[in-house]
Amino acid sequence: MLFEALGSALLGLVLAWAANRRFSHRLPARSLVLATGVAGALFGAFITHTALDPGYVVFILLGAAAVSAASLSLLLRPAGRLRRSAPA
């Protein structure tokens, strides 16, 4: 259980760092991105650990990575300016 938590937190931190490095112009503050990545990974590990038995460490880490990536994707802002349509 401790290995799963530490591994998923480290995985979320690495994913958040990579996302911040690649999409720094489209993401908010770095501290928010890093915290969201770690929290998403821990939540994903918890959900996957609850759904599966504790013996599936690889699948638990995959679930942590999926939820972390999904939560990081919610922080992305649009790349260009938004076009506003004329009021009706």
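In which helix does serine 31 lie? In this predicted model, serine 31 belongs to helix α2. Serine 31 counts as exposed because its relative accessibility is 56%, and the cut-off for that word is over 50%. A look along the chain from here is a good way to get a feeling for distance: phenylalanine 43 comes twelve residues away in sequence, and the two C-alpha atoms are 18 Å apart in space.

The helix that holds serine 31 can be described as a whole. Helix α2 has 22 residues, and from its first C-alpha to its last it reaches 31 Å, close to the 32 Å expected at 1.5 Å a residue. Several of its residues are hidden from the surface: Val33, Thr36, Gly37, Gly40, Ala41, Gly44, Ala45, Thr48 and His49 are buried. The cover over these buried residues includes α1 and α3.

Helix α3 can be read in the same manner. It runs over residues 57–73, which makes 17 residues, and its reach of 24 Å between the first and last C-alpha is close to the expected 24 Å. Its buried residues are Ile60, Gly63, Ala64, Ala65, Ser68, Ser71 and Leu72, and they pack against α1 (2–22) and α2 (30–51).

Not every part of α3 is turned inwards. Leucine 62 is also found in this helix, yet it counts as exposed because its relative accessibility is 52%, where over 50% is required. Together with Leu52, Tyr56, Val58 and Phe59, Leu62 makes a nonpolar surface patch of about 500 Å².

Nonpolar residues also gather inside the model. The largest nonpolar core has five residues in all, namely Ala16, Ala19, Leu27, Val33 and Leu72. Two of these names have come up before: Val33 is among the buried residues of α2, and Leu72 is among those of α3. Within the core, alanine 19 offers a helpful example of contacts between residues distant in sequence. Setting aside residues up to four places away, alanine 19 touches Ser24, Leu27 and Leu72.

What does asparagine 20, found in helix α1, touch beyond its neighbours within four places in sequence? Its contacts are Leu27, Arg30 and Val33. Asparagine 20 has a relative accessible area of 10%, so it is buried, the limit being under 20%. Leu27 thus appears twice, as a contact of alanine 19 and as a contact of asparagine 20.

Definitions and conventions
Residues numbered from 1 in each chain as written. Predicted model: local features only at pLDDT ≥ 70, side-chain atom pairs only at ≥ 80, totals over all residues. Heavy atoms only, no water. Helix = DSSP H or I, 4+ residues; strand = E, 2+ residues; numbered from the N terminus. Expected span 1.5 Å × (residues − 1). Buried < 20%, exposed > 50% of the residue type's maximum accessible area, 1.4 Å probe, protein only. Contact = heavy atoms within 4.5 Å. Patch = residues over 30% accessible without salt bridge, like charges linked within 9 Å, V, L, I, M, F, W, Y side chains within 5 Å. Areas by Shrake-Rupley, 256 points an atom, 1.4 Å probe, with all protein chains shown as cover. Salt bridge = Lys/Arg side-chain N within 4 Å of Asp/Glu carboxyl O. Core = buried A, V, L, I, M, F, W, Y, C linked by side-chain atoms within 4.5 Å.
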